[in-house]
Amino acid sequence: MKARDLIILFALAALWGASFLFMRVSAPVLGPVMLIELRVALAALALLVYLVLTGQRMRILHKWKPYLILGAVNAALPFCLIATAELHVSASLAAILNATTPLFTALVAWGWAKDAFTLKKSIGLLMGIIGVAILVGWDVGGGSAQELLLSVGCSLLAALCYGIAGVFSAKYFKGEKPLDMAVGQQLAAALVLLPFSLFAWPHQVPGADVVFSVLVLAVVCTAFAYLLYFGLIQNVGAVKTLSVTFLVPVFGIIWGALFLGEAMTVGGVIGLVIILLSVALVTNVPLPFRKANPAVTRSKM
């Protein structure tokens, strides 16, 4: 991987890691549904502006039903679940749990697409479960046990949604332009959430910090990050791009510590290491500078 691509990879991980920070700031004020409606709608608007400025054409209406499903399962639902989880847990914990996405993708691919589930993948999945158990069993949040379990459940369900969406998109969106998929997904997610957001108005006027967080979350961490993501796939391939999975929770921890004062416990570090090792076993994803194995699923936030 060239130095330029490596810089883009770290930038993408930093942006996606920061998304957990901005959701942690905004969700308690706006509520999960309204926050995510603003996130996907503004992201879609930013991507549409980009299409206009670059003179590109969008083609999504021919698959409007699959796009609605993709928008719901790959954006609207998992984003809302993560925002709900961050009402009670730290941004760093939510980022770590999101790293289990490739584990769920492998499970869905095995059950839906009949992909082989090898002994190596089975060991990796077991390690992932152990890593999550260590996180849940350690004092990582300060809230009640019920709130912690609910939040962890929401985070893992979001990762499952990403896994389902990954297999679904591979089956129904072959040959589609990545940028079309990005725009179509965000537009569809905004449409799916619109009727729910009408009944989810915040109970207080958001402050400048919340407004700033929403704008950066939508325009930078979603719209711009997708442009980096798809550009990286075109330059180095999906396999090496998947290594971003290992970097996102690290940046989530860094941003949480720097800007929210979140402390990383010993249990959190142990859980993170075990989960990332399990992901490495399940996906066989290489480091950015190593030779890649083409048979690997992809993950995204």
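**Exercise 1. Which residues of the largest nonpolar core touch the most other members?**

Solution. The model is predicted, and the exercise starts from its largest nonpolar core, which holds 76 residues. Within this core, the residues that touch the most other members are Phe-20, Met-23, Leu-35 and Ile-36. The next step is to ask which element contributes most, and this is helix α1, spanning residues 3–30, which gives 14 residues to the core. A second core, separate from this one, has 7 residues, among them Tyr-67, Ala-165, Phe-168 and Phe-173.

Taking Leu-35 by itself, and leaving aside residues up to four places away in sequence, one finds that Leu-35 touches Met-23, Ser-26, Ala-27, Leu-30, Ala-83, Val-214 and Leu-217.

**Exercise 2. Determine how far helix α4 is covered, and contrast this with Gly-55.**

Solution. Helix α4 runs over residues 91–98, and 8 of its 8 residues are buried. The buried residues include polar Ser-92 and Asn-98 as well as Leu-93, Ile-96 and Leu-97. Gly-55, by contrast, sits in the loop that joins α2 (32–54) to α3 (64–85), and it counts as exposed because its relative accessible area of 61% lies over the 50% cut-off. As for its position relative to Ala-158, the two residues are 103 apart in sequence, and their C-alpha atoms are 35 Å apart in space.

**Exercise 3. Classify the ring pair of Tyr-226 and Tyr-229, then that of Phe-251 and Trp-255.**

Solution. The model contains 13 aromatic pairs. In the pair of Tyr-226 and Tyr-229, the ring centres are 6.4 Å apart and the planes stand at 90 degrees, so the arrangement is edge-to-face, given that the cut-off for this class is over 60 degrees. Both tyrosines belong to helix α9 (residues 208–236), where they are 3 residues apart, about one turn of the helix. Tyr-226 is buried at 2% relative accessible area, and Tyr-229 is likewise buried at 1%.

For Phe-251 and Trp-255, the centres are 5.8 Å apart and the planes 35 degrees apart, which makes this pair tilted. These two residues lie in helix α11, 4 residues apart, about one turn of the helix, and Phe-251 is buried at 16% relative accessibility.

**Exercise 4. Find the nonpolar surface patch that includes Leu-258, and state whether Leu-258 is buried or exposed.**

Solution. The patch is formed by Val-250, Ile-254, Leu-258, Phe-259 and Leu-260, which together have about 450 Å² of accessible area. Leu-258 lies in helix α11, residues 244–260, and its relative accessibility of 60% makes it exposed.

Key. Residues numbered from 1 in each chain as written. Predicted model: local features only at pLDDT ≥ 70, side-chain atom pairs only at ≥ 80, totals over all residues. Heavy atoms only, no water. Buried < 20%, exposed > 50% of the residue type's maximum accessible area, 1.4 Å probe, protein only. Core = buried A, V, L, I, M, F, W, Y, C linked by side-chain atoms within 4.5 Å. Contact = heavy atoms within 4.5 Å. Patch = residues over 30% accessible without salt bridge, like charges linked within 9 Å, V, L, I, M, F, W, Y side chains within 5 Å. Areas by Shrake-Rupley, 256 points an atom, 1.4 Å probe, with all protein chains shown as cover. Salt bridge = Lys/Arg side-chain N within 4 Å of Asp/Glu carboxyl O. Phe/Tyr/Trp six-rings, centres within 6.5 Å; stacked < 30°, edge-to-face > 60°.
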